[in-house]
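This report sets out the features of one protein chain, moving from its aromatic contacts to its pocket, its strand pairing and its loops. The sequence and the structure are shown below.

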Amino acid sequence: SGAGGGVSCKEEGFFSCKVPADWKLWRDETDDAADKTYGIVLKGPKAQGVPARITVFYYDPANRSFPGAADYVKAQLGESPLGPDGLKKGAIKAVEVGGRKARRFWRQAREFVPPDAVDAKTVLLRQERVVVEHSQGFFVLSLEALESDFRRHLPAFERVVSTFRPFPESK
């Protein structure tokens, strides 16, 4: 769903992209400045109580979590062929996004639904990540949805990726 024309989104001069018109845009500006990460979260249709999510974030070089794009990728995938708890993950593919070098990969994750309930059930998610290099930090574009519902949301994510434009490199 949401793969059509979409709505233009410009995030504080960090990037622009088209977002699905039928997905809800959410931001938390207080976290942005503290963490030195800036971006958007798009919430799409729910399946089994879990909304599909597309996120686009810029990681400033001074961000608290990852010194660079390679550190982010390593933290997401680890060293072993399987991720944490034996979850599957895909190989890293070199791609180009918005005229920049990027790395694309996927992995599985688990989430508790509802998150804070004593009787929460575990659901299997699939996460597709695109990490875009930049001389002033890096960007992460991500789709997260139930494994069983993932392909339905992939066209919306591909539209965000294909229209993504980071801010210009400094000269």
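## Aromatic core and overall fold

In this predicted model, Y58 has a relative accessible area of 3% and is therefore buried, since burial means a value under 20%. Its ring belongs to one of the 15 aromatic pairs that the structure holds. The partner is F139: the two ring centres are 5.0 Å apart and the planes meet at 40°, so the pair is tilted. This contact links distant parts of the chain, as Y58 lies in strand 5 (residues 50-59) and F139 in strand 9 (residues 137-146), 81 residues apart.

F139 is itself buried, with a relative accessible area of 0%. The ring of F139 also pairs with that of F164, at a centre-to-centre distance of 5.2 Å and a plane angle of 70°; because this angle is over 60 degrees, the pair is edge-to-face. Here too the pair links distant parts of the chain: F139 is in strand 9, whereas F164 is in the loop between helix 3 (150-163) and strand 10 (165-166), 25 residues apart. Both F139 and F164 are buried. Ring pairs join these residues into a cluster made up of F14, F15, Y38, Y58, F139, F164 and F167.

The chain that carries this cluster contains three helices and 10 strands. Read from the N terminus, the order of elements is β-β-β-α-β-β-α-β-β-β-β-α-β. Of the 171 residues in the chain, 47% are buried.

## Charges over rings and the largest pocket

Two aromatic rings have a charged side chain over them. The charged end of K43 sits over the ring of W26, at 5.8 Å from its centre. R126 lies over the face of F150, and the distance to the ring centre is 5.1 Å.

Which residues line the largest pocket? The lining consists of W26, V41, K43, R53, T55, F57, Y59, Y72, R129, V140, S142 and E144. K43 and W26 are thus both part of this lining. The volume of the largest pocket is about 320 Å³. Strand 4 (37-47), strand 5 and strand 9 each contribute at least two lining residues, and strand 5 provides the largest share, with four. By class, six of the lining residues are nonpolar, two are polar and four are charged.

## Strand pairing

Strand 7 (residues 100-113) takes part in two antiparallel pairings. Five bridges join strand 7 to strand 6 (residues 93-97), and within this pairing V97 stands opposite R100. Strands 6 and 7 form a hairpin with two residues between them, and G98 in the turn has a positive phi of about 60°.

On the other pairing, 12 bridges join strand 7 to strand 8 (residues 121-134), again in antiparallel orientation. R110 stands opposite L124 of strand 8 in this arrangement.

Strand 8 also contains Q127. Is Q127 buried or exposed? Its relative accessibility is 5%, so Q127 counts as buried. The C-alpha atom of Q127 lies 6.1 Å from that of Q108, although the two residues are 19 residues apart along the chain. V131 is likewise found in strand 8, and its relative accessibility of 0% means that V131 counts as buried. V131 and E96 are separated by 35 residues in sequence and by 10.0 Å between their C-alpha atoms.

## Loop residues with positive phi

Two residues other than glycine have a positive phi, and they are set out together here.

| Residue | Phi | Location | Relative accessible area |
|---|---|---|---|
| K36 | K36: near 60° | K36: loop between helix 1 (29-35) and strand 4 | K36: 32%, partly exposed |
| Q48 | Q48: about 55° | Q48: loop between strand 4 and strand 5 | Q48: 47%, partly exposed |

Where does K36 lie? K36 is in the loop between helix 1 and strand 4, while Q48 is in the loop between strand 4 and strand 5. K36, with a relative accessible area of 32%, is partly exposed because this value falls between the cut-offs of 20% and 50%. For Q48 the value is 47%, so Q48 is partly exposed as well.

Technical notes
Residues are numbered from 1 along each chain as its sequence is written. This is a predicted model: local features need pLDDT of at least 70, side-chain atom pairs count only at pLDDT 80 or more; totals for chains, interfaces and linings use all residues. Side-chain values use heavy atoms; hydrogens and water are left out. Rings of Phe, Tyr and Trp (its six-membered ring) pair if their centres lie within 6.5 Å; planes under 30 degrees apart count as stacked, over 60 as edge-to-face and the rest as tilted. Buried means under 20% relative accessible area, exposed over 50%, partly exposed in between (1.4 Å probe, protein chains only). A charge sits over a ring if NZ of Lys or CZ of Arg is within 6 Å of the ring centre and within 35 degrees of the ring normal. On a 1 Å grid over the protein atoms alone, a cavity is a set of points where a 1.4 Å probe fits but cannot get out, and a pocket is an open set with protein on both sides within 12 Å along at least five of seven lines; lining residues have an atom within 4 Å of a point. Grid points are joined across faces, edges and corners, and a volume is the space filled by probe spheres set on the points. Ala, Val, Leu, Ile, Met, Phe, Trp, Tyr, Cys and Pro count as nonpolar, Asp, Glu, Lys and Arg as charged, and the others, Gly among them, as polar. Two strands pair if DSSP finds at least two bridges between them.
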